[in-house]
Amino acid sequence: MEGRGAEERDDVCMCQTVFPAHADHRGELRAGQLLKWMDATACLAAEKHAGVSCVTASMDDIQFEEAARVGQIITIKTKVNRAFKTSMEVGIKVMVQDVLTNVEKIVSVAYATYVAKPAGAGKLLKFSQWFLNHDLLGCTNLVSLITTTSNLASRFLMQLYVLLSAFFAFFFSRLCHSYPVLKSVNMFKFWGPSVMGDHLVFNAIVNNTFQNSVEVGVHVEAYNCEEWIKNQARHINSAFLIFNAVNDSGELLTLPRIKPTTQDGMRQYHGAIARRRIRLIRKCMLSAKVDKPSFLWEKSNQAYMSYSNIAALTRVAAKPGWEVTSAVDDIKIWTHEEGEMVSLKVEMQVNIPSHLAFCLLSDFTLRLQWDKHFLTCKVLQAVNEDDKYVTSPPMTGHKPRDFVILVSQRQPFKPSEPYIVAVKSVTLTSMPPSSEYWRSELLCAGFQIYSNSDSSCTVCYFNQVTSGVVPYFAANLTGSSKSIEDTTLECKKFLEMKLKTYF
């Protein structure tokens, strides 16, 4: 029998059935309980590799993509990805399985960092009681008294986060009259241990609210008896928790925006915006798959391809849960997250009749006049009157990317309906990939143009982000670039300038 490799010896798998004691009032597994299981399993993998006790140093950003319900089975697989000089990274993958249908889905993928700690440094941590007080102005404290010792002090905080998530659920429900769902945990850092007799104080404050989510900053402090009297705290842990608000039907609710009134509140407010942008682009980059071959364009499937092109854009535009990430003058940028897919929406008000904007934006040969990312753009094949052509626009970069796309256009049947210019990648036998360009894919993109009056309209651009377009959106979503706003302004100037040439 062959021996197992080191990577197999360091694997640890744990299965747990979700019982009512693990769930909230909606029958869904509490996020705090799942964090506890994840930490315990990952620590076992770290200790299996190191051969000594280990403590949690930090956890990478954790996103919860699926909710586990009572009766379902949680499977947690952990593996040491790499050992460094004084620490090791453990990969964590969480799956949920329905025992009736046997359907299995990914709940979360995370990475934790552990450091080895020799035995004999202490004993097991345990707490006996905790006290609760809160200030409705925003600051919330959870105080715990630790009565025994531990050599795994950092790991014990995972148990306290079970209490914290339950406590904030209570606080959030009272404050917003809705049910909170923990969607992600960001920048989960352990800064130091706690010892026997320590008082632990959890400080939680709402940093910012977005359309359907709220960021809560958590700061954990430890005091021994002398420090407690002198009010000298030791900062041992911090994290940012992201919650959604849902109603009885599980539908996302719109949250009221907050207005910071202090300098520190303003810093936390803008910090939450920056962290949200980083989470968004990180999700784009991690979820972006290698571009797959597009649908083959043939005359026999012409009607289906045209219909699916328009229908796909219409479905993306109609999705609920779009959140505004930027609003300057007449330009708004929205984002939408659904599973691993991130979509972008740019909205602008233009002083031009809607039918004229439709004609100009559906002609991709004019795009070079307002979009600096395009080097060339040419018609490869005219299909019919509505599906004008398939184009190949190389885009700038270290190695230029090119896209072979189908452009479909539809005029409205009713005044309330928009003009539509839909775009998707296709495979055209007459245009094989070239060694000069990196052939990429547009999954779904295009314009919807709504008429406001005889002389103005609202133009909305949509794009489902793929690996082919991530490089062009990444810097903008993190706030380090204004390329989307700049391109939108150029488009607006182009449209309004063209209006003058027509009249």
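**Figure 1. The whole chain, before zooming in.** Half the story here is burial: buried residues make up 50% of the 503 residues in the chain. This is a predicted model. The chain holds nine helices and 24 strands. Take the contacts between residues at least 6 apart in sequence, and 65% of them turn out to join residues at least 24 apart. On the outside, the chain exposes about 24900 Å², with carbon and sulfur atoms supplying 56% of that.

**Figure 2. Inside the largest nonpolar core.** This core has 48 residues, and the ones touching the most other members are Leu 34, Phe 64, Ile 74, Ile 76, Tyr 114 and Val 185. Which helix gives the most to this core? That would be helix 2 (residues 31-50), with nine residues. Zoom in on Ile 74 and, leaving aside residues up to four places away in sequence, you'll find a long list of neighbours, among them Met 14, Cys 15, Val 18, Leu 29, Leu 34, Trp 37 and Ala 68. Val 94, Met 95, Val 96 and Val 107 also touch Ile 74, as does Gln 16. Apart from this core lies another one, of 34 residues, including Met 348, Cys 457, Ile 484 and Phe 494.

**Figure 3. Thr 41, a polar side chain on helix 2.** Thr 41 sits in helix 2. Is Thr 41 buried or exposed? Its relative accessibility is 1%, so Thr 41 counts as buried. Setting aside residues up to four places away in sequence, Thr 41 touches Val 12, Met 14, Ile 76 and Thr 78. Two of these names come up again in the previous view: Ile 76 is one of the core residues that touch the most other members, and Met 14 is among the contacts of Ile 74.

**Figure 4. Trp 322 meets Phe 462.** A search of the whole structure turns up four aromatic pairs. In the one shown here, the ring centres of Trp 322 and Phe 462 are 5.8 Å apart and the planes make an angle of 65°, so the pair is edge-to-face. The two partners come from distant parts of the chain, 140 residues apart: Trp 322 belongs to the loop between helix 6 (302-318) and strand 14 (323-328), while Phe 462 belongs to strand 24 (residues 456-464). Trp 322 is buried, at a relative accessible area of 6%. Phe 462 is buried as well, at 2% relative accessibility.

**Figure 5. Phe 358 and Tyr 419, with helix 7 around them.** How are the rings of Phe 358 and Tyr 419 arranged? They form a tilted aromatic pair, 4.9 Å centre to centre with 35° between the planes. This pair also links distant parts of the chain, with Phe 358 in helix 7 (residues 354-361) and Tyr 419 in strand 21 (residues 419-427), 61 residues apart. Both Phe 358 and Tyr 419 are buried. Helix 7 itself is largely enclosed by the rest of the structure, because six of its eight residues are buried. Those buried residues are Ser 354, Leu 356, Ala 357, Phe 358, Leu 360 and Leu 361.

**Figure 6. The hairpin of strands 14 and 15.** Strand 14 runs antiparallel to strand 15 (residues 331-338), and five bridges join them. Val 324 has Trp 334 of strand 15 as its bridge partner. The two strands form a hairpin with two residues between them, and Asp 329 in the turn has a positive phi of about 55°. Trp 334 has company too: the charged end of Lys 345 sits over its ring, 4.7 Å from the centre. Val 328 is in strand 14 and, at 43% relative accessibility, counts as partly exposed. The C-alpha atoms of Val 328 and Glu 485 are separated by 8.6 Å, although the two residues are 157 apart along the chain.

**Figure 7. A charge over a ring: Arg 275 and Phe 240.** Arg 275 lies over the face of Phe 240, at 3.7 Å from the ring centre.

**Figure 8. Two asparagines with positive phi.** Asn 102 is found in the loop between strand 5 (88-97) and strand 6 (104-116). Its phi is near 65°, a positive value in a residue other than glycine, and at 54% relative accessibility Asn 102 counts as exposed. Asn 231 is in the loop between helix 4 (225-230) and strand 12 (234-246). Phi of Asn 231 is positive, near 60°, and Asn 231 is exposed, with a relative accessible area of 58%.

Notes. Residues are numbered from 1 along each chain as its sequence is written. This is a predicted model: local features need pLDDT of at least 70, side-chain atom pairs count only at pLDDT 80 or more; totals for chains, interfaces and linings use all residues. Side-chain values use heavy atoms; hydrogens and water are left out. Helices (H or I, at least four residues) and strands (E, at least two) are DSSP runs, numbered from the N terminus. Buried means under 20% relative accessible area, exposed over 50%, partly exposed in between (1.4 Å probe, protein chains only). Contact means heavy atoms within 4.5 Å. Accessible areas come from the Shrake-Rupley method with a 1.4 Å probe; for residues, only the protein chains shown count as cover. A nonpolar core is a set of buried Ala, Val, Leu, Ile, Met, Phe, Trp, Tyr and Cys residues joined through side-chain atoms within 4.5 Å. Rings of Phe, Tyr and Trp (its six-membered ring) pair if their centres lie within 6.5 Å; planes under 30 degrees apart count as stacked, over 60 as edge-to-face and the rest as tilted. A charge sits over a ring if NZ of Lys or CZ of Arg is within 6 Å of the ring centre and within 35 degrees of the ring normal. Two strands pair if DSSP finds at least two bridges between them.
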